[in-house]
Amino acid sequence: MTQLTLAEVEAVARAAHEGQTDKAGLPYAEHLAAVAQGVRARGGDPEQIAAAWLHDSVEDDALSRQWLAAAALTPRTKAIVDALTRRPGEELEAYARRILATPGALLVKEADLAHNADPRRLAALDEQTRARLTEKYARTRALLGLET
């Protein structure tokens with residue numbers, strides 16, 4: 001089976017999240033593009049860039065676990081997407097352990113957190129949401145050993 005190209009993965013991700021917006025009301029695909037660019041800028045490889053495009057797809061129910069299992073993606077890309085998919089009711093510590101145990105996943109999560117914690121994005125949120133997310137992102141970074 002021929003692997004999806006990065007352009008095809010991007011198209012799938014954009015279509016899957018069509019009509020969705022982030023907490024600030026921006027098209028969700030802008031977040032995916034920023035994370036993919038962040039992975040590229042951090043020296044990520046094509047498998048990690050593909051995972052960046054798809055990192056929220058299963059968690060947000062934009063694509064199913066069955067789609068991911070059958071997709072023309074490398075096992076490593078699938079493993080990274082799976083590692084980055086929070087399970088319902090999952091403790092943050094368990095989520096962080098899975099990311100750390102999955103080769104290539106930490107770089108993608110680092111790019112995701114960097115974009116999520118961008119002060120320009122956070123500034124568009126109400127104070128309560130901004131405070132809650134800032135604390136969550138800092139805790140996640142600490143659990144992943146990404147404190148600077």
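Q: Why is Asp61 called exposed?
A: In this predicted model, Asp61 has a relative accessible area of 68%, and the term exposed is given to values over 50%, with buried meaning under 20% and partly exposed in between (1.4 Å probe, protein chains only), so Asp61 counts as exposed. Asp61 lies in the loop between H3 and helix H4 (65–70), and its phi is near 60 degrees, a positive value in a residue other than glycine. Helices here are DSSP runs (H or I, at least four residues), numbered from the N terminus.

Q: What should be known about the numbering and the model?
A: Residues are numbered from 1 along each chain as its sequence is written, and side-chain values use heavy atoms, with hydrogens and water left out. Because the model is predicted, local features need pLDDT of at least 70 and side-chain atom pairs count only at pLDDT 80 or more, while totals for chains, interfaces and linings use all residues.

Q: What makes Glu18 count as exposed?
A: Glu18, found in the loop between H1 and H2, has a relative accessibility of 65% and therefore counts as exposed. The C-alpha atoms of Glu18 and Val39 are separated by 22 Å, although these residues are 21 apart along the chain.

Q: Why are H1 and H3 called roughly parallel or antiparallel?
A: The axes of helix H1 (residues 6–16) and helix H3 (residues 46–54) come within 8 Å and cross at roughly 10 degrees. Angles under 35 degrees count as roughly parallel, over 145 as roughly antiparallel, 65 to 115 as roughly perpendicular and the rest as oblique, so H1 and H3 are roughly parallel to each other. Among the residues that make the contact (heavy atoms within 4.5 Å) are Leu6 and Val9 of H1 and Ile49 and Trp53 of H3.

Q: How do you know whether Lys23 is buried or exposed?
A: The relative accessible area of Lys23 is 57%, and Lys23 is therefore exposed. Lys23 has its place in the loop between H1 and H2, and, not counting residues up to four places away in sequence, it touches Leu125, Thr129, Arg132 and Leu133. Lys23 and Leu125 are 102 residues apart in sequence and 7.2 Å apart in space, C-alpha to C-alpha.

Conventions. Axes fitted to C-alpha atoms, helices over the stretch in contact; angles between N-to-C directions. Helix = DSSP H or I, 4+ residues; strand = E, 2+ residues; numbered from the N terminus.
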